[in-house]
Amino acid sequence: MASSQEWQDKAACREVAVEMFFPPAEQESEVAKAVCSNCTVRQPCLDFAIAEGERFGIWGGLTTQERRTVAVKQRKTSLAAASEPLAPFYLG
Ligand code: SF4
């Protein structure tokens with residue numbers, strides 16, 4: 001999760017093994033999601049992952065497929081999204 005985003009300094013996942021956030025199957029993401037549930041920067045983390053089209057791992061407490069669902073809903077309901085292109089990954 002390399003970036004210069006300020007919120008990352010407050011990330012709860014800084015204290016745990018990063019591998020936890022990249023489980024071999026999305027069904028094995030519950031431990032990472034538990035860490036995210038207590039993270040104070042969950043929303044900016046999720047926003048970042050969606051904006052960047054992060055294709056792997058748990059971000060903002062959501063799996064890749066869950067983020068895709070959120071991104072599609074945001075695109076359909078947000079007038080602002082109409083003027084900003086969605087990361088190509090989420091359109092597939
Ligand atoms: S929401 Fe989860 S992945 Fe994002 S910074 Fe917090 S603990 Fe890390």
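In which helix is I50 found? I50 is found in helix 2, and the legends below describe this residue and its surroundings in a predicted model.

**Figure 1. Overall arrangement of the protein chain, with four helices and zero strands.** Along the sequence, the elements of the protein chain follow the pattern α-α-α-α. The protein chain has 92 residues, of which 22% are buried. Among the contacts of the protein chain with a separation of 6 or more, 47% are accounted for by residues 24 or more positions apart.

**Figure 2. Close-up of the ligand and the 14 residues that surround it.** The closest of these residues are A11, C13, C36, C39 and C45. Two or more residues of the shell around the ligand come from each of helix 1 (30-37) and helix 2 (42-52). The shell comprises 11 nonpolar, two polar and one charged residues. C36, listed among the closest residues to the ligand, is in contact with R42, I58, G60 and G61 when its neighbours within four places in sequence are left aside.

**Figure 3. Close-up of the largest nonpolar core, which has 11 residues.** The members of this core are A32, C36, V41, C45, L46, A49, I50, I58, W59, L62 and A71. Helix 1 and helix 2 are the elements that give two or more residues to the core. Helix 2 gives the most, with four residues. In soluble globular proteins, nonpolar side chains tend to be buried together. C36 and C45 belong to this core, and both are also listed among the closest residues to the ligand.

**Figure 4. Close-up of helix 2 and its buried residues C45, L46, A49 and I50.** Viewed down the axis of helix 2, the buried residues fall within an arc of 125°, so they line one face of the helix. An α-helix has 3.6 residues a turn, so residues three or four places apart point the same way. The buried residues of helix 2 pack against helix 3 (64-77). Just after helix 2, G53 adopts a positive phi of about 65°.

**Figure 5. Close-up of I50, a residue of helix 2.** I50 counts as buried because 22 other C-beta atoms lie within 10 Å, the threshold for burial being 20 or more. Apart from residues up to four places away in sequence, I50 touches R67, V70 and A71. A71 is, like I50, a member of the largest nonpolar core. I50 and G60 are 10 residues apart in sequence, and their C-alpha atoms are 9.5 Å apart in space.

**Figure 6. Close-up of A34, a residue of helix 1.** A34 is exposed, with 12 other C-beta atoms within 10 Å; a residue counts as exposed at 12 or fewer. G61 lies 27 residues from A34 along the chain, and the C-alpha atoms of the two are separated by 7.8 Å. G61 is also one of the residues in contact with C36.

**Figure 7. Close-up of Q5, in the segment before helix 1.** Q5 counts as partly exposed because it has 15 C-beta neighbours inside 10 Å. Q5 and P44 are 39 residues apart in sequence, with a C-alpha to C-alpha separation of 9.2 Å.

Conventions:
Residues are numbered from 1 along each chain as its sequence is written. This is a predicted model: local features need pLDDT of at least 70, side-chain atom pairs count only at pLDDT 80 or more; totals for chains, interfaces and linings use all residues. A residue is near a molecule or strand if its C-beta atom, placed from the backbone, lies within 6 Å of it. Ala, Val, Leu, Ile, Met, Phe, Trp, Tyr, Cys and Pro count as nonpolar, Asp, Glu, Lys and Arg as charged, and the others, Gly among them, as polar. Two residues are in contact if their C-beta atoms, placed from the backbone, lie within 7 Å. A nonpolar core is a set of buried Ala, Val, Leu, Ile, Met, Phe, Trp, Tyr and Cys residues joined through C-beta atoms within 7 Å. The arc is that of the directions from the helix axis to the C-beta atoms.
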